[in-house]
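Student: Could you take a close look at one part of this structure, beginning with a single side chain? I should then like to see how other parts are described in the same terms.

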Amino acid sequence: MVLDSRGNPTIEVDCFVDGRLTGRAMVPSGASTGQHEALEMRDGNKDKWLGKGVDVAVNHVRTIISEALVGMAVEDQKGVDKKMLELDGTPNKSNLGANSMLGASLAVLHAGAACQDVPLWKYIAGEQAGQMPVPMLNILNGGAHAASNVDVQEFMVMPHGFDSFTDGLRAGVEIYHQLKSELKADGLLGGVGDEGGFAPNLGANEDGLKYMVRAIEGAGYTTEEVGIALDVAATEFEKSDGYHMDGKVLSPNEMVDMYGEWLDAYPILSIEDGLGENDWEGWTALTKQEGHRVQIVGDDLFVTQSERLAKGIDIGAANAMLVKVNQVGTVTETLEAMDLAVSNGYRNVVSHRSGETEDTTIADLAVGTRAGQIKTGAPARSDRVSKYNQLLRISEEVEDYRSPF
C-alpha cells in the first residue's frame, strides 16, 4: 500500500526477475469515474482509511496473482495478462480488482523493458519509432476536480504549433503562470484543484474559455499556436431531465448547439465527454454536426474498452478515445483498444487520473504508441510534473513532435 495524490491508499507492485527487483509500478485512481469502468477494489472498512483501504487488493497480488505469474517470462506481456483475466473471470475485474491486476501488469511491463535493457517507451514501441505527444495542460479545474461552481471539469491549453516538445511545454507553463496573474488581477485567485489547475468561481462556464484566451495572449502567444481542449465530464451534471449547467437544464441537442457556438467563438481543438456516458444518440449528433472541425473524445463513453469503442465506431460516436489504463485493467487490453481506435481513424489521447502518483508509465506509453497527445494535469504538483519531466528526458532521444490537428 502507498498513497496517491489525494492522500488515499493505492497499490504498488514489485516484479522480481531472478531474485532482483526489476519492475515497479503504482496504480492511479479516478474521481469522476464512469459506471462502465473496471472495478477498483477497496476494503470498505470505515474504521481504516475512511473505507478506502486496499489490503484486499494487495493480498490478491501477494497470493492469487503472484502464485499464477511466478515462473512466467516477463517479456510475455500478453500471456501474463491473459493468465490474470482467466483467474478473474469477470467482465469488470470484480473478483481480483482492476487495481490488483493493473499493478501486476504494469510491473511486468517495466520488468520486461529492464530485462531487455531498453527504455520503457522503446520497449512499448517495438519496431516503430517513438513520437513525442502534444501536451494538454489542465490549467483551470472545475467539476468533480475542484470545490468551485464551474461545471466543466477541465480547461486545458494545447501548445500544438511548436517545433519541439520542450518549446510546447514551455509555452504551456508560461500560460499557466499568466492565468494566475489574470485571475489574481480580477480577485479570483484561490486554491487549486486535484490536477493542479486554478479553481476559481466564475459567473458562467464560458468565462473559463475567456480566461484561457486571455492567458494565451497575455503570455505572448497566438491562438494559432496554442488551442484549448475541454473535458466537460457531462455525466457529472446529467440528470433525468437533461444537463444541468449554468443554472439551466439543457437537452442533448441544446448541448450540441452550445458547443457549436463555443467553437465559433474560441480556438477549441478538442472536446472530451461533452455528453453523458450512455447518451449514444447525443454523441452521434455531436459527432455528425461538429466532428469535421473538432476532436471529440470519448472517456466515460468508451472507458478504454474495445467493446464500447467498437459500438462507437459502428454508430459514428466521437472520433477519438481517451486512454486510461486503470479503466480496463491490463496493458494488453489497453494496447488492443488503442490499435482498434487507430485502425478505424480514431485518435488516442493518453491520460492520467485525478488521483495520481509519481509513477511515469503513461509518459512512456504515449511516446511508445505514438499516440500524439497526452493529458496529465497542470505543470504543478509532483504527481503531474513527474510525467512532464519524464517526457523531457525522453525528448533528448525522440525529436519527432507534430500536431495532430
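**Paired charges and their surroundings**

Tutor: Arg 24 is partly exposed, at 42% relative accessibility; the scale calls a residue buried under 20% relative accessible area, exposed over 50% and partly exposed in between, with a 1.4 Å probe and protein chains only. The model is a predicted one, in which local features need pLDDT of at least 70 and side-chain atom pairs count only at pLDDT 80 or more, while totals for chains, interfaces and linings use all residues. Residues are numbered from 1 along each chain as its sequence is written, and side-chain values use heavy atoms, with hydrogens and water left out.

The side chain of Arg 24 forms a salt bridge with that of Glu 12, at 3.6 Å from N to O; the term requires a side-chain nitrogen of Lys or Arg within 4 Å of a carboxyl oxygen of Asp or Glu. This pair links distant parts of the chain, 12 residues apart, with Arg 24 in strand S4 (residues 20-26) and Glu 12 in strand S3 (residues 12-17). Strands (E, at least two residues) and helices (H or I, at least four) are DSSP runs, numbered from the N terminus. Glu 12 is also partly exposed, with a relative accessible area of 28%. Side chains of opposite charge can pair when their charged atoms come close.

A search of the whole structure finds 23 salt bridges. One of them joins Arg 170 and Glu 174 at 3.3 Å, N to O. These two residues are separated by about one helical turn, because they lie four residues apart in helix H5 (residues 165-185). An α-helix has 3.6 residues a turn, so residues three or four places apart point the same way. Both partners are partly exposed, Arg 170 at 41% and Glu 174 at 31%. In the salt bridge between Arg 381 and Asp 383, the closest N and O atoms are 3.6 Å apart. Here Arg 381 is partly exposed at 32%, whereas Asp 383 counts as buried at 12%.

Salt bridges also link Glu 154, Asp 231, Glu 272 and Lys 375 in a network. Glu 154 leads to strand S5, since in S6 it is the bridge partner of Asn 141. S5 and S6 (residues 154-159) run antiparallel and are joined by four bridges, two strands being paired if DSSP finds at least two bridges between them. Strand S15 (residues 373-375) runs parallel to S5, with three bridges joining them, and Ile 374 in S15 stands opposite Pro 135. Eight of the eight residues of S5 (residues 134-141) are buried, so the strand is largely enclosed by the rest of the structure.

Gln 373 leads on to Gln 295: their side chains share a polar contact of 2.8 Å. Such a contact is a pair of N or O atoms within 3.5 Å; within protein, one must be able to donate a hydrogen and the other to accept it, and residues adjacent in sequence count only if both atoms are side-chain atoms. A further polar contact, of 3.0 Å, joins the side chains of Gln 295 and Ser 270. Gln 295 lies in strand S12 (residues 295-298) and is buried, with a relative accessible area of 1%. Leaving aside residues up to four places away in sequence, Gln 295 touches ten residues' worth of neighbours including Met 136, Asn 319, Arg 347 and Phe 405, where contact means heavy atoms within 4.5 Å. 

Helix H3 (residues 98-116) is also largely enclosed by the rest of the structure, because 16 of its 19 residues are buried. Its end C-alpha atoms are 27 Å apart, which agrees with the 27 Å that 19 residues should span at 1.5 Å a residue; the expected span is 1.5 Å times one less than the number of residues. After H3 comes Asp 117, whose phi is positive, near 60°. Most residues other than glycine have a negative phi. Asp 117 lies in the loop between H3 and helix H4 (120-125) and is exposed, with a relative accessible area of 69%.

Asp 246 likewise has a positive phi, near 55°. This residue is in the loop between strands S9 (242-245) and S10 (248-250), and counts as partly exposed at 36%. S9 and S10 pair in the antiparallel sense over three bridges, with His 244 opposite Val 249 in S10.
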